[in-house]
Amino acid sequence: MAYSLLYVSKTLLEFPAGAAEVAKIIEGSLIRNASLGITGALMSTSNHFAQVLEGGRAAVEELMASINRDPRHMKVKIIRVTEEKRRFPDWALAYSGTAGLVDRHIAPLFSSLPVGDTAHLALRLLAIMEEFARLPSG
Ligand SMILES: Cc1cc2nc3c(=O)[nH]c(=O)nc-3n(C[C@H](O)[C@H](O)[C@H](O)COP(=O)(O)O)c2cc1C
C-alpha cells in the first residue's frame, strides 16, 4: 500500500514556450522521485497541472511541500489523499503531454463542490491519467 495524493493546480507557464519548462520539471522529477521511491503521473495542459504522487507518506509530503512552493503554478489544490495500491508502479513520472482536452476534467475541481462530486471527478481524472500512462510513448 502507498500513500497516494492527487492535486490540481493552475499553470503559470505560457505555451508553446512553456513546453521546455515542463521538460525541465520532468527531467528533475525522474531523478528525485526515483531517489525518494515515489511513482506517479503528471499531466500538463495549457491551463492546468494534475499530478499523482504515491509512495511513503513522509517522502510524498516532503516532495509536496516543494511542489507547493513552486512559482511555475498556483492555486495548488489537493483533491484526494488515500492509502491504496500504486496506480503507476512502473513510472517515476508518467508525463502525458499538453493534453488540452483534459482541461475540462480538471477545471471543475477548482470550484467548491459537494465532497461526493469531488470524489467522483477525482476518480474520473485518475482513470484518464492511467489511460495516458498506458499509451506507448514516442
Ligand atoms: C506541476 C509541478 C510538478 C512537479 N513535480 C515534481 C515531481 O514530481 N518531482 C520533483 O522532484 N519535482 C517536481 N516539481 C519541481 C519541484 O517543484 C521543485 O522545483 C524541484 O523538486 C526542486 O526542488 P527544490 O527547489 O526544493 O530543490 C514539480 C513542479 C511543478 C510546477
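This briefing covers the strands, helix 1, the nonpolar cores and the salt bridges of the structure above. The model is predicted. Strand 3 pairs with strand 1 over 8 bridges and with strand 2 over 6 bridges. The largest nonpolar core has 20 residues, and the structure holds 9 salt bridges.

**Strands**

- Strand 1 and strand 3 run antiparallel and are paired through 8 bridges. Within this pairing, Tyr3 has Gly55 of strand 3 as its bridge partner.
- Strand 2 and strand 3 are also antiparallel, with 6 bridges between them. Here Thr39 is bridged to Glu54 of strand 3.
- The connection from strand 2 to strand 3 is a hairpin of 3 residues.
- In strand 3, 8 of 8 residues are buried.
- In a regular strand, side chains alternate between the two faces of the sheet. For strand 3, one side carries His48, Ala50, Val52 and Glu54, the other carries Phe49, Gln51, Leu53 and Gly55, and both sides are covered.

**Helix 1**

- Helix 1 covers residues 18-36, which makes 19 residues. At 1.5 Å a residue the expected span is 27 Å, and the end C-alpha atoms lie 26 Å apart, so the two values agree.
- The helix nevertheless has a kink of about 30°, centred on Ser29. Ser29 is also one of the buried residues of helix 1.
- The other buried residues named for this helix are Gly18, Val22, Ile25, Ile26 and Asn33.
- An α-helix has 3.6 residues a turn, so residues three or four places apart point the same way. The buried set includes Gly18, Val22, Ile26, Ser29 and Asn33.
- Gly37, just after helix 1, has a positive phi of about 70°.

**Ile25 and its surroundings**

- Ile25 lies in helix 1. Its relative accessibility is 18%, and the cut-off for buried is under 20%, so Ile25 counts as buried.
- Beyond its neighbours within four places in sequence, Ile25 is in contact with Leu42, Phe49 and Arg72. Phe49 is itself buried, in strand 3.
- Ile25 and Arg72 are 47 residues apart along the chain, with their C-alpha atoms separated by 9.8 Å.

**Nonpolar cores**

- In soluble globular proteins, nonpolar side chains tend to be buried together.
- In the largest core, of 20 residues, those touching the most other members are Leu6, Val8, Ala50, Ile106, Leu125 and Met129.
- Strand 1 (2-11), strand 2 (39-44), strand 3 (48-55) and helix 4 (115-134) each contribute at least two residues to this core. Helix 4 gives the largest share, 7 residues.
- Leaving out residues up to four places away in sequence, Ile106 touches Val8, Thr45, His48, Phe49, Ala50 and Leu125.
- Another core lies apart from this one and has 10 residues, among them Leu5, Tyr7, Leu63 and Ile67.

**Salt bridges**

- Side chains of opposite charge can pair when their charged atoms come close.
- Arg32 and Glu62 form a salt bridge, with an N to O distance of 3.8 Å. Arg32 lies in helix 1 and Glu62 in helix 2 (residues 57-69), so this pair ties together parts that are 30 residues apart in sequence.
- Both partners are partly exposed: Arg32 has a relative accessible area of 36%, and Glu62 has 44%.
- Arg72 and Asp70 form a salt bridge with their closest N and O atoms 2.7 Å apart. Arg72 is partly exposed at 24%, whereas Asp70 is buried at 18%.
- Arg72 and Asp70 belong to a network of salt bridges that also includes Glu21 and Lys24. Arg72 is also among the contacts of Ile25.
- Glu84 and Arg87 are joined by a salt bridge at 2.7 Å, N to O. Glu84 is buried at 12% relative accessibility, while Arg87 is partly exposed at 25%.

**Glu130**

- Glu130 is in helix 4 and is buried, with a relative accessible area of 18%.
- Apart from residues up to four places away in sequence, Glu130 touches Arg87 and Phe88. Arg87 is the salt-bridge partner of Glu84.

Key. Residues are numbered from 1 along each chain as its sequence is written. This is a predicted model: local features need pLDDT of at least 70, side-chain atom pairs count only at pLDDT 80 or more; totals for chains, interfaces and linings use all residues. Side-chain values use heavy atoms; hydrogens and water are left out. Helices (H or I, at least four residues) and strands (E, at least two) are DSSP runs, numbered from the N terminus. The expected span of a helix is 1.5 Å times one less than its number of residues. The bend at a residue is the angle between axes fitted to the seven residues ending there and the seven starting there. Buried means under 20% relative accessible area, exposed over 50%, partly exposed in between (1.4 Å probe, protein chains only). A salt bridge is a side-chain nitrogen of Lys or Arg within 4 Å of a carboxyl oxygen of Asp or Glu. Contact means heavy atoms within 4.5 Å. A nonpolar core is a set of buried Ala, Val, Leu, Ile, Met, Phe, Trp, Tyr and Cys residues joined through side-chain atoms within 4.5 Å. Two strands pair if DSSP finds at least two bridges between them.
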